[in-house]
Amino acid sequence: MTNEQNQIFLLIETSRQFGRSILQGVIRWSHRYGPYRLHASAGHLPQKLPKFTDTQHIGFIGRISVPGLTELIRSHHVPTILLEPNTREQVAIQQELGLGAITINARATGQMGADYFFDHGYERFAFCGFANRLWSEQRQAAFVDAITARGFSCSCYEPPDKECQWPGDRVRLKKWIKSLPQPIGMMTCDDDRARQVLDVCEEEGMDVPSGISVLGAADDELLCELASVPLSSIAFDLEKAGFDAMVLLSGLMDGSITEPHNIEIDPLWVTPRISTDYMAQKDKLVTRALRFIRSNYLRPIAVADIVENLDVSRRSLENHFLAATGHTLMDDINRRRFQRAKQLLLTTNNSIAKICMESGFVSYRSMLGVFVAELGYTPNEFRDKHGRSVTDENEHL
């Protein structure tokens, strides 16, 4: 069997960034290792099973909810990679059929959301998800665990047990949001839910972000920017998910891989927008320090620059900052630079030397130390791990 005979049917929505990013990874793999014939239909979540006659040379990447897909896999043992199973029933089917799946690391996602709000000084927290969606429940549990581990509580929206249309859910959601104390940091299960929360806040005249700070997940740039208040969101490396899914699927099709596995995608960073542009920090000195850092961390600033700008003693500022945030001023600067460096490593072909400078690090040694401390590997290894290796004469320092 040659590659030209292989056909991959992609039952993935093209109407959202989630699906399009996965498809980008599939295309990148195909360009590098193909040619494979790729089939995708334009549309939203509901997808139809395509017509075909040869089941020996095909593979699928898609949602198990596509009508007829489960029966086809069961009857013909077609190699298939699922997109995040939505219910416990779907997980049971996945296990029965022995399929691999693309999943999001819920624990890391919930922890990232909690850390983001902690860094903004919040002491009140909420989570809003959907009913009967396993990934929403998992992200909620992870967020609540991260909040309670720091000694705080979290209010969670309880949607109706049965799916209901948005007008009916809106009434219940509005009542819950109005009951929340302010200021509060709210994480939502995804960008769709976050947009609904923002719509309710706008309708009720609630201040976003000073009253309610809202964080989504998936970072669909178009939808986030079109929200009533531009939405901050957690980004996932979905292109890598598509690439890795093709590595697995092609191996299953040619027999080089016999045991399917899940492809777990970690969150990358929070893309900040207006919906979380607020510091809930009670200590005004710390708030001033954080604002200075946020505005200047891409420059080669040090703690001495913050002290000079705020006109306070270094010891006093360091003590206030550590008590309020749990980390030092330099830790905060380096964490922001680290996040920016990760973005540039995955979204540009710039050399490591240039990214080091553009991220605010004063030297490659400083950047390397932060990467090793945070991830256990180097910036080059981070880029390679996410399939973004580039050839540049300045790449390896």
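A residue counts as buried when its relative accessible area is under 20%. By that cut-off, 13 of the 17 residues of helix H9 are buried, so H9 is largely enclosed by the rest of the structure. The model is a predicted one. H9 covers residues 238-254. An ideal rise of 1.5 Å a residue gives an expected span of 24 Å for its 17 residues, and the end C-alpha atoms are 24 Å apart, which agrees. Just after H9, Gly255 adopts a positive phi of about 85°.

H9 lies across five strands: E1 (7-11), E3 (58-62), E4, E5 and E11. Its direction makes an angle of about 150° with E3. These strands belong to an open sheet of 6 strands. The order is E2-E1-E3-E4-E5-E11, and the pairing is parallel. Strands E2 (37-40) and E11 (263-265) form the edges. Each has a single partner strand, so one side of each is left without a neighbour in the sheet. On average, neighbouring strands here are turned by 15° against each other, direction ignored.

Within this sheet, E3 was examined strand by strand. E1 and E3 pair in the parallel sense over 5 bridges. Phe9 has Phe60 of E3 as its bridge partner. On the next step, E3 and E4 are joined in parallel by 3 bridges. Here Phe60 stands opposite Thr80 in E4. Strand E4 (residues 80-83) in turn pairs with strand E5 (residues 100-104), again in the parallel sense and over 3 bridges. Leu83 is matched with Ile102 in E5.

In a regular strand the side chains alternate between the two faces of the sheet. E3 can be read in this way. Ile58, Phe60 and Gly62 point one way, while Gly59 and Ile61 point the other way. All of these residues are buried. With 5 of its 5 residues buried, E3 is therefore largely enclosed by the rest of the structure.

Two packed helices are described by the angle between their axes and the distance between the axes. Helix H1 (residues 17-33) and H9 have axes that come within 6 Å and cross at roughly 50°. This angle makes H1 oblique to H9. The crossing of H1 past H9 is right-handed. On the H1 side, the contact involves Phe18, Ser21, Ile22, Gln24, Gly25, Val26, Arg28, Trp29, Arg32 and Tyr33. On the H9 side, the residues are Leu238, Glu239, Lys240, Gly242, Phe243, Met246, Val247 and Ser250.

A second helix pair is formed by H2 (residues 69-76) and H3 (residues 88-97). Their axes come within 11 Å and cross at roughly 15°. That angle makes H2 roughly parallel to H3. H2 passes H3 in a left-handed crossing. Thr70, Ile73 and Arg74 of H2 meet Ile93, Glu96 and Leu97 of H3.The other sheet is also open and has 6 strands, in the order E7-E6-E8-E9-E10-E12. Its pairing is mixed. Strands E7 (154-156) and E12 (267-271) stand at the edges. Each has a single partner strand, so one side of each lacks a neighbour in the sheet. From one strand to the next, the twist averages 20°. Strand E9 (residues 212-217) and strand E10 (residues 232-236) run parallel and are joined by 3 bridges. Leu215 is placed opposite Ser232 in E10. Helix H7 (residues 191-203) lies across E6, E8 (184-188), E9 and E10. H7 runs at about 155° to E9.

Two histidines were examined individually. His120 sits in the loop between helix H4 (106-119) and strand E6 (125-128). Its relative accessible area is 9%, so His120 is buried. Apart from neighbours within four places in sequence, His120 is in contact with Thr276, Tyr278, Met279, Ala280 and Gln281.

His386 lies in the segment after helix H16 (379-385). At 10% relative accessibility, His386 also counts as buried. Again leaving aside neighbours within four places in sequence, its contacts are Arg28, Asp237, Lys240, Leu268 and Leu346. Of these, Arg28 and Lys240 also take part in the contact between H1 and H9. His386 and Phe243 are 143 residues apart in sequence, but 9.4 Å apart in space, C-alpha to C-alpha.

Note on methods:
Residues are numbered from 1 along each chain as its sequence is written. This is a predicted model: local features need pLDDT of at least 70, side-chain atom pairs count only at pLDDT 80 or more; totals for chains, interfaces and linings use all residues. Side-chain values use heavy atoms; hydrogens and water are left out. Two strands pair if DSSP finds at least two bridges between them. Helices (H or I, at least four residues) and strands (E, at least two) are DSSP runs, numbered from the N terminus. Axes are lines fitted to C-alpha atoms, for helices over the stretch in contact, and angles run from 0 to 180 degrees between N-to-C directions. Contact means heavy atoms within 4.5 Å. The expected span of a helix is 1.5 Å times one less than its number of residues. Buried means under 20% relative accessible area, exposed over 50%, partly exposed in between (1.4 Å probe, protein chains only). Angles under 35 degrees count as roughly parallel, over 145 as roughly antiparallel, 65 to 115 as roughly perpendicular and the rest as oblique. A crossing is left-handed if the near helix is turned anticlockwise from the far one by less than a right angle, and right-handed if clockwise.
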